[in-house]
Amino acid sequence: MLQELAGDERKLAIFIKVQEIISYQLEVEKSEIHIDDELFYLKSKETLSSYSSSSFYSSYGSCSNGLLVSNWGGDELDTVELIMTLEEEFDLELSEEKCQEFTTVKKLVDYLAENLGK
């Protein structure tokens, strides 16, 4: 039981940090960012090909091909910047496959809680 509480506190601390990062990057109120909100969605492959020619985008693989959901007003550049900030803040690299799994803020927070410090 004590371990569960410690795990919940850790996830809450991570969520608060992720919420701060998203809020800062997209200039939205923290109160608009919830744990179950969608984080990224992928565009069609045809549209992605235009971004893959740019070395800036292609260096981040599929992570950069995700877009922030429109209710936060994000675009491709915001997505790349968000991922770079998350990697820097949490001192980790987010693989192409992992980025595709982060469909909600909760999935990102769960991943960070499980993998930080490994």
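Is Glu 27 buried or exposed? At 73% relative accessibility, Glu 27 counts as exposed. That residue gets its own view below, in a set of close-ups drawn from a predicted model.

**Figure 1. The whole chain, before zooming in.**
Let's start with the parts list: the protein has six helices and two strands. Walk along the sequence and they come up in the pattern α-β-α-α-β-α-α-α. There are 118 residues in the protein, and 41% of them count as buried. About 7200 Å² of the protein is exposed, with carbon and sulfur atoms supplying 49% of that area. As for who touches whom, take the contacts between residues at least 6 apart in sequence: 64% of these join residues at least 24 apart.

**Figure 2. Glu 27, in the loop after helix H1.**
Here we are in the loop between helix H1 (2-26) and strand E1 (40-42), where Glu 27 has its place. Look at the backbone of Glu 27: phi is near 55°, a positive value in a residue other than glycine. With a relative accessibility of 73%, Glu 27 is over the 50% cut-off, so it counts as exposed.

**Figure 3. Asp 91 and Leu 92 share a loop between H4 and H5.**
Another positive phi turns up at Asp 91, near 50°, and this residue isn't glycine either. Asp 91 is found in the loop between H4 and H5, and its 71% relative accessibility makes it exposed. Leu 92 is in that loop too, which runs between helix H4 (76-90) and helix H5 (96-101). Leu 92, though, is buried, at a relative accessible area of 17%. The cut-off explains the label: buried means under 20%, so Leu 92 qualifies.

**Figure 4. What Leu 92 touches.**
Which residues is Leu 92 in contact with, leaving aside its neighbours within four places in sequence? They are Glu 87, Leu 112 and Leu 116. Pick out Leu 112 from that list: along the chain, Leu 92 and Leu 112 are 20 residues apart, and their C-alpha atoms are separated by 9.2 Å.

**Figure 5. The rings of Phe 102 and Tyr 111 make a tilted pair.**
The count of aromatic pairs here comes to one. Its members are Phe 102 and Tyr 111, whose ring centres are 5.4 Å apart. The ring planes sit at 55°, so the pair is called tilted. Both partners are out of the open: Phe 102 is buried, with a relative accessible area of 2%, and Tyr 111 counts as buried at 17%.

**Figure 6. A salt bridge between Lys 17 and Glu 89.**
A bit of background helps with the next views. Side chains of opposite charge can pair when their charged atoms come close. The structure holds five salt bridges. One of them joins the side chains of Lys 17 and Glu 89, at 3.8 Å from N to O. Lys 17 lies in helix H1 and Glu 89 in helix H4, so this pair ties together parts that are 72 residues apart in sequence. Lys 17 is partly exposed, at a relative accessible area of 27%, and Glu 89 is partly exposed as well, at 41%.

**Figure 7. Glu 20 and Lys 30, and the network around them.**
Glu 20 forms a salt bridge with Lys 30, and their closest N and O atoms are 4.0 Å apart. Since Glu 20 lies in helix H1 and Lys 30 in the loop between H1 and E1, the pair ties together parts that are 10 residues apart in sequence. Glu 20 counts as partly exposed, at 29% relative accessibility. Lys 30 is partly exposed too, with a relative accessible area of 41%. Now bring back the pair from the previous view: Lys 17, Glu 20, Lys 30 and Glu 89 are linked in a network of salt bridges.

**Figure 8. Asp 110 and Lys 106, a salt bridge within helix H6.**
How far apart do the side chains of Asp 110 and Lys 106 meet, N to O? The value is 2.8 Å, in a salt bridge. The two residues are four apart in helix H6 (residues 105-115), so about one helical turn separates them. Asp 110 is buried, with a relative accessible area of 17%, whereas Lys 106 counts as partly exposed at 35%.

Conventions: Residues are numbered from 1 along each chain as its sequence is written. This is a predicted model: local features need pLDDT of at least 70, side-chain atom pairs count only at pLDDT 80 or more; totals for chains, interfaces and linings use all residues. Side-chain values use heavy atoms; hydrogens and water are left out. Buried means under 20% relative accessible area, exposed over 50%, partly exposed in between (1.4 Å probe, protein chains only). Contact means heavy atoms within 4.5 Å. Rings of Phe, Tyr and Trp (its six-membered ring) pair if their centres lie within 6.5 Å; planes under 30 degrees apart count as stacked, over 60 as edge-to-face and the rest as tilted. Accessible areas come from the Shrake-Rupley method with a 1.4 Å probe; for residues, only the protein chains shown count as cover.
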